[in-house]
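Please walk me through this protein model in running prose, beginning with its pocket and its metal site and then turning to the places where the backbone or a charged side chain deserves a second look.

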Amino acid sequence: RRLDSRSGLAPGLLGESQTPISTEPMESVYDITGELGRGKFAVVRRCVEKATGKVFAAKFLRKRRRGRDCRADVIHEMAVLETARNNTRVVNLHTAYETDHDIILLLEYAAGGEIFDHCVSEELLPEAQITRLIRQTLEGVYHLHQSNLVHLDLKPQNILLTSLSPPGDIKIVDFGLARRLGAVGELREILGTPEYVAPEILNYEPITTATDLWSVGVIAYMLVTGESPFAGDDKQETYLNVSQVNVDYSREAFSRVSELAVDFVRKLLVKTPEDRPSAAECMSHPWLWQLCLSPEPAPATRTVRERSCGTKWTAPPEDPEDKE
Ligand code: ADP
Ligand code: MG
């Protein structure tokens, strides 16, 4: 693949992480108590710190993939998590271990599972809960974009909840495809999951922050309707649906929610990236605030403030430390 002449890395990859990687066996510090999830190159296991009883999620990332040394990709994933350390909507990286096969990221545990479960269940979430989760997702995405990071794999499987019932706060996970924008010119390449991926990715066109906003539109659609907007019977059909932006906005699909929900999703699922609102612009959409039940307590510093009902959201002043 194409490499940056200065860093020797693929475009948009971060080269260094600050988190020390221990080569001690992690089993002497943690009890592994089960599996939380699994992807192509990673297994995530639930584990308990013996000394404290604290629960963590251990993401075992294979260092060799398809016969290639991928240690740099894992270091990149760690570095992105570190850059997002102050972002309360992103899962926290606690520490890391290394074995012959894997680098193991010890992550803050999100006990409520994936919001995916709320997209496929018979019982969808009440609209006021959906808008709360979308507000929190946008808040996380806003801060990532402020740091010139794009996630590029936002989907209901990568948005977790701190607790299940009642649904807690969201935590964004899985920064394997995340990239830094700007540093080394244009970013193209990189494929997420066809169902959730924006048309510019399928067309190999430049990637921007707007690519993540498309995914937020897909997530909102799924939480509201219980259907994946572009899923076809096969990959081919899915690709076609995405590139033609073939979406069902029928009253049946949106029967459970207000007219404003349709308007919100319609604004995000547009083909031309420049025509999509930014995360900050999305935050002032009336859908997100109309059903807000009670003002939430002021969050910790440096998060986007969730105002009480009816108040327009304004981006907080930029924090120079957020920028790299
Ligand atoms: P992959 O790159 O393989 O998709 P992810 O980081 O998305 O790996 O993790 C896979 C799955 O493991 C997630 O979809 C989720 O179900 C579970 N998982 C990941 N991180 C956590 C966490 N911090 N707490 C709880 N479950 C997690
Ligand atoms: Mg994932």
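The paragraphs below take up the pocket, the metal site, one buried acidic residue and some points of backbone geometry in turn.

The model is a predicted one, and a convenient place to enter it is the largest pocket, which holds about 1,400 Å³ of space. Of the 46 residues that line this pocket, Gly39, Lys40, Lys59, Asp153 and Asp174 are the closest to its centre. At least two lining residues come from each of β2 (30-38), β3 (42-49), β4 (55-62), α1 (71-83) and β8, and the largest share, five residues, is supplied by α1.

Asp174, already met near the centre of the pocket as one of the closest residues, is also a protein donor of the magnesium ion (ligand 2), together with Asn158; the donor atoms, OD1 of Asn158 and OD of Asp174, lie 2.1 to 2.3 Å from the ion. Asn158 sits in the loop between β9 (149-150) and β10 (159-161), while Asp174 sits in the loop between β11 (170-172) and β12 (179-180), so the pair ties together parts that are 16 residues apart in sequence. The two donors can also be described by their accessibility: Asn158, at 5% relative accessibility, counts as buried, whereas Asp174, at 25%, counts as partly exposed.

A charged residue that calls for attention is Asp102, which belongs to strand β8 (residues 102-108). Asp102 is buried and yet has no salt bridge. The nearest side chain of opposite charge is that of Arg62, 6.0 Å away, and a salt bridge would require a side-chain nitrogen of Lys or Arg within 4 Å of a carboxyl oxygen. Leaving aside neighbours within four places in sequence, the residues in contact with Asp102 are Phe60, Leu61, Arg62, Lys63 and Tyr97.

The backbone offers some further points to inspect. Ser165 and Pro166 are joined by a cis peptide bond, with omega at about 0°, and Pro166 is found in the loop between β10 and β11. Asn148, although not a glycine, has a positive phi of about 60°; this residue lies in the loop between α3 (127-146) and β9 and, at 34% relative accessibility, counts as partly exposed. Val245 is likewise not a glycine and has a positive phi of about 45°. Its place is in the loop between α6 (235-243) and α7 (259-268), and at 22% relative accessibility Val245 counts as partly exposed.

How values were computed. Residues are numbered from 1 along each chain as its sequence is written. Chains are lettered from A and ligands numbered from 1 in the order in which they are written. This is a predicted model: local features need pLDDT of at least 70, side-chain atom pairs count only at pLDDT 80 or more; totals for chains, interfaces and linings use all residues. Side-chain values use heavy atoms; hydrogens and water are left out. Helices (H or I, at least four residues) and strands (E, at least two) are DSSP runs, numbered from the N terminus. Buried means under 20% relative accessible area, exposed over 50%, partly exposed in between (1.4 Å probe, protein chains only). Lys and Arg count as positive and Asp and Glu as negative; His and the chain ends are not counted. Contact means heavy atoms within 4.5 Å. Donors are N, O and S atoms within 2.8 Å of the metal (3.2 Å for Na, K and Ca); water is not among the atoms, so sites may look incomplete. On a 1 Å grid over the protein atoms alone, a cavity is a set of points where a 1.4 Å probe fits but cannot get out, and a pocket is an open set with protein on both sides within 12 Å along at least five of seven lines; lining residues have an atom within 4 Å of a point. Grid points are joined across faces, edges and corners, and a volume is the space filled by probe spheres set on the points.
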